[in-house]
Amino acid sequence: MSAGARPRYPVYVQIYPRSWWLETGPYRRFAAREITSMFVAAFSALLLLFLFALSRGREAYDAYLRWLKLPGVVALFAVILVAVLYHMATWFRLTAHIQRIRVGRTVLPEGASIAGLVVAWIVASGIVAYFHVWF
């Protein structure tokens with residue numbers, strides 16, 4: 001076959017509009033979950049900036065703490081908190097939907113799986129809070 005010849009069986013590639021994710025509720029929730037991952041990345045970057053300031057000495061650490069007290073930064077962290085909680089809730093629900101836990105011949109309901117994930121999250125948060133407060 002020559003370079004300019006058309007293939008015998010052309011491949012059909014469906015073209016989707018840019019607003020395909022606005023068509024149904026599940027698509028919108030999927031897009032929202034994916035967008036909230038950017039807020040998770042932003043929180044990770046801010047945490048890395050905190051560690052960088054901590055490694056540079058007392059002055060840099062104090063400057064970072066003053067920066068955290070600015071109203072715009074507090075509002076940013078509030079938005080990040082809401083986005084991360086939504087991201088976490090949707091991933092817990094998705095994990096419970098995908099991963100089936102069997103106990104003998106019975107399958108645990110999705111609610112029990114979500115409850116287990118929430119309990120694990122609370123325990124991990126409690127351990128982190130304990131070490132943060134006492135050390």
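# Reading a predicted helical chain

Visitor: Where should I start, and where is Ala-96 found?

Guide: Ala-96 is found in helix H3. Keep in mind that this is a predicted model. We will come back to Ala-96 after an overview.

Visitor: How many helices and strands are there in the protein chain?

Guide: Begin by counting elements. The protein chain has four helices and two strands. Then read their order. From the N terminus, the elements run α-α-α-β-β-α.

Visitor: What radius of gyration does the protein chain have?

Guide: Set the value beside that of a compact globule. For 135 residues, such a globule would have a radius of gyration near 14 Å. The protein chain has 23 Å. Look at the spans as well. Along its principal axes, the C-alpha trace covers about 70 × 50 × 30 Å.

Visitor: How many of the residues count as buried, as a percentage?

Guide: Of the 135 residues in the protein chain, 12% count as buried. Next, look at the surface. The accessible surface of the protein chain is about 11200 Å². Carbon and sulfur atoms hold 69% of that surface.

Visitor: What about contacts between residues at least 6 apart in sequence?

Guide: Ask what share of them joins residues at least 24 apart. In the protein chain, that share is 46%.

Visitor: How many positive and negative charges are there, and how far apart are their mean positions?

Guide: The protein chain has 14 positive and 5 negative charges. Their mean positions lie 10 Å apart.

Visitor: Now helix H1. Why does its end-to-end distance agree with the expected span?

Guide: Count residues, then apply the rise. Helix H1 covers residues 25-56, which is 32 residues. At 1.5 Å a residue, H1 should span 46 Å. Its end C-alpha atoms are 47 Å apart, so the two values agree.

Visitor: Which residues of H1 are buried?

Guide: The buried residues in H1 are Gly-25, Ala-31, Arg-33, Thr-36, Leu-46 and Ala-53. Then ask what covers them. The buried residues of H1 pack against helix H2, residues 58-68, and helix H3, residues 71-98.

Visitor: What happens just after H1?

Guide: Check the backbone angles there. Gly-57 takes a positive phi of about 120°.

Visitor: Ala-60 lies in helix H2. Is Ala-60 buried or partly exposed?

Guide: Compare its relative accessible area with the cut-off. Buried means under 20%. Ala-60 has 26%, so Ala-60 is partly exposed. You can also compare sequence and space. Ala-60 and Gly-126 are 66 residues apart in sequence, and their C-alpha atoms are 29 Å apart.

Visitor: Try the same with Val-73. Why does Val-73 count as buried?

Guide: Val-73 is found in helix H3. Val-73 counts as buried because its relative accessibility is 7%, and buried means under 20%. Now list its contacts, leaving out residues up to four places away in sequence. Val-73 touches Trp-67 and Leu-68.

Visitor: Back to Ala-96. Why does Ala-96 count as buried?

Guide: Ala-96 is buried because its relative accessible area is 2%. Beyond neighbours within four places in sequence, Ala-96 is in contact with Glu-110, Ser-113 and Ile-114. The C-alpha atoms of Ala-96 and Ala-115 are 9.5 Å apart, with their positions 19 residues apart along the chain.

Visitor: Which helix holds Ser-113?

Guide: Ser-113 is found in helix H4, residues 110-134. With a relative accessible area of 11%, Ser-113 is buried. Apart from neighbours within four places in sequence, Ser-113 is in contact with Ala-96 and Ile-101.

Visitor: Last one. Where is Arg-100 found?

Guide: Arg-100 is found in the loop between H3 and strand E1, residues 102-103. Arg-100 counts as partly exposed, at 44% relative accessibility. Not counting residues up to four places away in sequence, Arg-100 touches Val-107 and Glu-110. The C-alpha atoms of Arg-100 and Ser-113 are separated by 8.4 Å, and the two residues are 13 apart along the chain.

Methods
Residues are numbered from 1 along each chain as its sequence is written. This is a predicted model: local features need pLDDT of at least 70, side-chain atom pairs count only at pLDDT 80 or more; totals for chains, interfaces and linings use all residues. Side-chain values use heavy atoms; hydrogens and water are left out. The radius of gyration is taken over C-alpha atoms; the globule rule is 2.2 Å times the number of residues to the power 0.38. Buried means under 20% relative accessible area, exposed over 50%, partly exposed in between (1.4 Å probe, protein chains only). Contact means heavy atoms within 4.5 Å. Accessible areas come from the Shrake-Rupley method with a 1.4 Å probe; for residues, only the protein chains shown count as cover. Lys and Arg count as positive and Asp and Glu as negative; His and the chain ends are not counted. The place of a charge is taken as NZ of Lys, CZ of Arg, CG of Asp or CD of Glu. The expected span of a helix is 1.5 Å times one less than its number of residues.
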